[in-house]
Amino acid sequence: MDEANSSMFKPRRLPPLAALRAFEAAARHLSFRAAASELAVTPTAISHQIRLLEATLGLPLFVRRTRQVALTEAGQRLFPALRDGFDGFARVIGELKPKRQSVTVSATTQFTSRRLLPAVPAFNRQHPEIDLRLNASETPVDIAAGAADIAVRYGGEIGAGLRSEPLLAERFGVLCSPILGLTAPEDLNSVPLLHTDWLRDVTPDWRRWAKLAGVTGLKLDQGARFTNGDHAIQAAIAGQGAIVASLILAEEEIRAGLLVQPFGPVIEGIYYQLVTRTQPPSREVEAVLTWLREEVARPRRSGR
């Protein structure tokens, strides 16, 4: 083997990959905090990796100012090489992956069964190449860590590295079986009040409804409690009492006459939101988002 050929097989002496990734992300954002959010680590970890890289190279890569960083001349030379290299890795790895992709959507059990499942056939017809996975859970999953690609949750604060958009406005009201014969709020004193345990900050319960209605004297702490909203609706259909429930998710039972809304008011101002990571979505994730916006959020029609 001649000298030219032997030099081709000499091992590359490169800094640790984690340090190079941290530098590339920080240089692209010109922010250690934004780089930390993208790589799902702490800003301190980013700072540590960059200092390790600077120590390995023996020169500074950033000029550190108060709440701001800038690239040094060395950093400006290194950044495009790493950026183009990582872009090349991502492109080739993406090309090597099987074309069939899966997308995971996380939502509450009740929303999954009542809004997502009925719309799945339409999605499968439109996108037979995408495997749609539904994660039904009352506990929010860690979208930033990759536990799901999309979450459908009640509106509220979201974590770092995530973005959200409104999906569907909610409406909550009193529902009961028509056999109870309720006609006015005062009639609630003569029937059991059914309750759903809310694991989130959103609490459209009897206490909130009574305050909105200006009704006093109800036994708000008495009555059967359910951790599953569907079970509570079934109890109401069976005539076991009245419940404050989603008029959106119970619309099939209302349309069929199994449940009635005997009187108001309606709790409004609550909405479902779509939560995704801040990175631009893949083609497959964007297809699912479009399906959620156009099909799942669409008002139901009779006979559907």
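**Figure 1. Lining of the largest pocket in the predicted model.** Helix α5 supplies the largest share of the lining of the largest pocket, 7 residues, in a structure that is a predicted model. The space in this pocket amounts to about 420 Å³. Of the 13 lining residues, Arg21, Arg28, Glu38, Phe86 and Ala90 are the closest to the pocket centre, and the elements that contribute two or more residues to the lining are α2 (17-29), α3 (32-39) and α5 (73-96). Sorted by class, the lining consists of 5 nonpolar, 1 polar and 7 charged residues.

**Figure 2. The segment annotated in UniProt as "domain: HTH lysR-type", residues 15-72.** The annotation comes from an unreviewed UniProt entry, and over the residues it covers the chain of the model is 62% helix and 14% strand, with the end C-alpha atoms 18 Å apart. Two loop residues with positive phi, Leu30 and Arg67, are taken up in the next view.

**Figure 3. Two residues other than glycine with positive phi, Leu30 and Arg67.** Leu30, which is placed in the loop between α2 and α3, has a positive phi of about 50 degrees although it is not a glycine. Its relative accessibility is 43%, so Leu30 counts as partly exposed. Arg67 is found in the loop between β1 (62-65) and β2 (68-71), and its phi, also positive, is near 60 degrees. Because the relative accessible area of Arg67 is 87%, and exposed means over 50%, this residue is classed as exposed.

**Figure 4. Helix α10 and the elements that cover its buried residues.** Helix α10 comprises the 14 residues 283-296, which at 1.5 Å a residue should span 20 Å, and the 19 Å between its end C-alpha atoms agrees with that expectation. Which residues of α10 are buried? They are Glu284, Val285, Ala287, Val288, Leu289, Trp291, Leu292, Glu295 and Val296. An α-helix has 3.6 residues a turn, so residues three or four places apart point the same way. The cover over the buried residues of α10 includes the strands β3 (101-107), β4 (130-136), β5 (150-154), β6 (162-175) and β10 (267-277), together with helix α6 (109-126).

**Figure 5. Val275 and Thr276 in strand β10.** Val275 belongs to strand β10 and is buried, because its relative accessible area is 5%, where buried means under 20%. Leaving aside residues up to four places away in sequence, Val275 touches Asp149, Ile150, Ala151, Ile158, Leu162, Arg163 and Ser164. From Val275 to Glu252 the separation is 23 residues in sequence and 26 Å in space, C-alpha to C-alpha. Thr276 also lies in strand β10, and at 10% relative accessibility it counts as buried. With residues up to four places away in sequence again not counted, the contacts of Thr276 are Ile143, Asp149, Ile150, Gly161, Leu162, Arg163 and Leu289; Leu289 is itself one of the buried residues of α10.

**Figure 6. The cis peptide bond from Gly264 to Pro265.** The peptide bond that joins Gly264 to Pro265 is cis in the model, with omega near 0 degrees. Pro265 is placed in the loop between α9 (251-255) and β10, the strand that also holds Val275 and Thr276.

Note on methods:
Residues are numbered from 1 along each chain as its sequence is written. This is a predicted model: local features need pLDDT of at least 70, side-chain atom pairs count only at pLDDT 80 or more; totals for chains, interfaces and linings use all residues. Side-chain values use heavy atoms; hydrogens and water are left out. Helices (H or I, at least four residues) and strands (E, at least two) are DSSP runs, numbered from the N terminus. The expected span of a helix is 1.5 Å times one less than its number of residues. Buried means under 20% relative accessible area, exposed over 50%, partly exposed in between (1.4 Å probe, protein chains only). Contact means heavy atoms within 4.5 Å. UniProt positions are given in the numbering used here, feature names are shortened, and annotations may be inferred rather than shown by experiment. On a 1 Å grid over the protein atoms alone, a cavity is a set of points where a 1.4 Å probe fits but cannot get out, and a pocket is an open set with protein on both sides within 12 Å along at least five of seven lines; lining residues have an atom within 4 Å of a point. Grid points are joined across faces, edges and corners, and a volume is the space filled by probe spheres set on the points. Ala, Val, Leu, Ile, Met, Phe, Trp, Tyr, Cys and Pro count as nonpolar, Asp, Glu, Lys and Arg as charged, and the others, Gly among them, as polar.
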